[in-house]
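Please examine the sequence and the model shown here before reading further. The explanation below leads through the structure step by step.

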Amino acid sequence: TARQAKGNSIANLLTLREGEEVTAIIPVESFEAPEHYLVMLTHKGIMKKTNLSAFSNIRRHGLIALHLDEDDRLGWVKLTNGSQNLLVSTQLGMAIHFNEGNIRAMGRSARGVIAIRLRPKDRVVAMDITHPDAEILTITNNGYGKRTPISEYKIQNRAGTGLINIKLRRDGKVASILTVHGSEEIIVVTSNGIVIRQRVDKIPSYSRSTKGVVVQKLDQGDRIVAVGLVLAEETSETTEEMVEIIDLSQEQQNTALDN
């Protein structure tokens, strides 16, 4: 459908329980691929790795993928090959970089293990697979951002407190981190329903412990709530473009601001 279309309700495709929300969608060519795993991460830093083949026979009402603590929820899922490096980032500007070999494969109903130890009032906001020649793009909810070479994030063991990823300004918190190579573009979504597209290579590269620069000017009370990555179009000459104003309900706006 077109950009302006609302689309169909996910309830037409999936049988969801009351209060349940979709947190990740993973394209899979084959569930029988050897040595492929789903790595899951919760907002409180609990991570679990399960062999992809464990999800080959999904029932109509779904399968248990992770045993969650009562006050936690699943946030991110990545398809991995069993030997990849992962970066986990928190809203208060910490990050930990480790190899998924630190985590043994577990059954579907297991709880998982600690990926990062969180400071009081902190929570996980992002997870991504890293590459040796890549950079980490960090965007905060008050419009600041930067790129940082992955070489500045040393490989550690899981369950540590991590390293400083960014120094936050004023009341800012990290909205998202992404692994980039510089040729991509990002889609930035704000709590007021504004969607902006801009090139990654226009965002400066700085060290981990710096504050970054303004990557998006926001109206008073507005906050960045999500950042998505797209491949840059070779013919595009626009470095920044307002793509769409989404019609968000007041309840959706309040939820976005709370997050």
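The following paragraphs treat the sheets, the cavity, some loop residues and the salt bridges in turn.

The model is a predicted one, in which local features need pLDDT of at least 70 and side-chain atom pairs count only at pLDDT 80 or more, while totals for chains, interfaces and linings use all residues. Residues are numbered from 1 along each chain as its sequence is written, and side-chain values use heavy atoms, with hydrogens and water left out.

The sheets come first. Strands here are DSSP runs of E with at least two residues, numbered from the N terminus, and two strands count as paired if DSSP finds at least two bridges between them. Strands of a sheet pair through backbone hydrogen bonds, and the pairing may be parallel or antiparallel. One open sheet consists of four strands in the order β3-β1-β2-β6, and its pairing is antiparallel. At its edges lie β3 (74–80) and β6 (113–114), each of which pairs on one side only. Within this sheet, β1 (residues 37–42) and β2 (residues 46–51) run antiparallel and are joined by five bridges. One position can be followed across the two strands: L38 has T50 in β2 as its bridge partner.

Another open sheet has four strands in the order β11-β8-β9-β14, again with antiparallel pairing. Here the edge strands are β11 (174–180) and β14 (213–214), and each pairs on one side only. Strand β9 (residues 144–149) runs antiparallel to β14, and two bridges join them. Y144 has V214 in β14 as its bridge partner.

Y144 also appears in the lining of the largest cavity. How many cavities of 30 Å³ or more does a search of the whole structure find? The search finds one. A cavity is defined on a 1 Å grid over the protein atoms alone, as a set of points where a 1.4 Å probe fits but cannot get out; lining residues have an atom within 4 Å of a point. Grid points are joined across faces, edges and corners, and the volume is the space filled by probe spheres set on the points. The largest cavity holds about 30 Å³ of space. Its lining includes T140, N142, I166, L168 and K211. By class, the lining residues are three nonpolar, three polar and four charged. In this division Ala, Val, Leu, Ile, Met, Phe, Trp, Tyr, Cys and Pro count as nonpolar, Asp, Glu, Lys and Arg as charged, and the others, Gly among them, as polar.

The loops deserve attention next. A110 is located in the loop between β5 (94–99) and β6. This residue touches K48, L66 and H67, when residues up to four places away in sequence are not counted; a contact means heavy atoms within 4.5 Å. The C-alpha atoms of A110 and A65 are 8.2 Å apart, although 45 residues separate the two along the chain. Is A110 buried, partly exposed or exposed? Buried means under 20% relative accessible area, exposed over 50%, and partly exposed in between, with a 1.4 Å probe and protein chains only. A110 is partly exposed, because its relative accessible area is 24%.

Most residues other than glycine have a negative phi. K121, in the loop between β6 and β7 (124–129), has a positive phi near 70°. R170, in the loop between β10 (163–164) and β11, likewise has a positive phi, near 45°. K121 is exposed, because its relative accessible area is 80%. R170 is exposed as well, because its value is 67%.

Finally, the structure contains eight salt bridges, a salt bridge being a side-chain nitrogen of Lys or Arg within 4 Å of a carboxyl oxygen of Asp or Glu. One of them joins the side chains of D69 and R111, at 2.9 Å from N to O. D69 lies in the loop between β2 and β3 and R111 in the loop between β5 and β6, so that the pair links distant parts of the chain, 42 residues apart. D69 is partly exposed, with a relative accessible area of 27%, and R111 is partly exposed at 34%. R223 forms a salt bridge with D171, and their closest N and O atoms are 2.9 Å apart. Because R223 lies in the loop between β14 and β15 (224–231) and D171 in the loop between β10 and β11, this pair ties together parts that are 52 residues apart in sequence. R223 is partly exposed at 24% relative accessibility, and D171 is partly exposed at 48%. R199 forms a salt bridge with D201, with 3.0 Å between the closest N and O atoms.

How values were computed. 1 Å grid on protein atoms, 1.4 Å probe; cavity = no way out; pocket = protein on both sides within 12 Å on 5 of 7 lines; lining within 4 Å.
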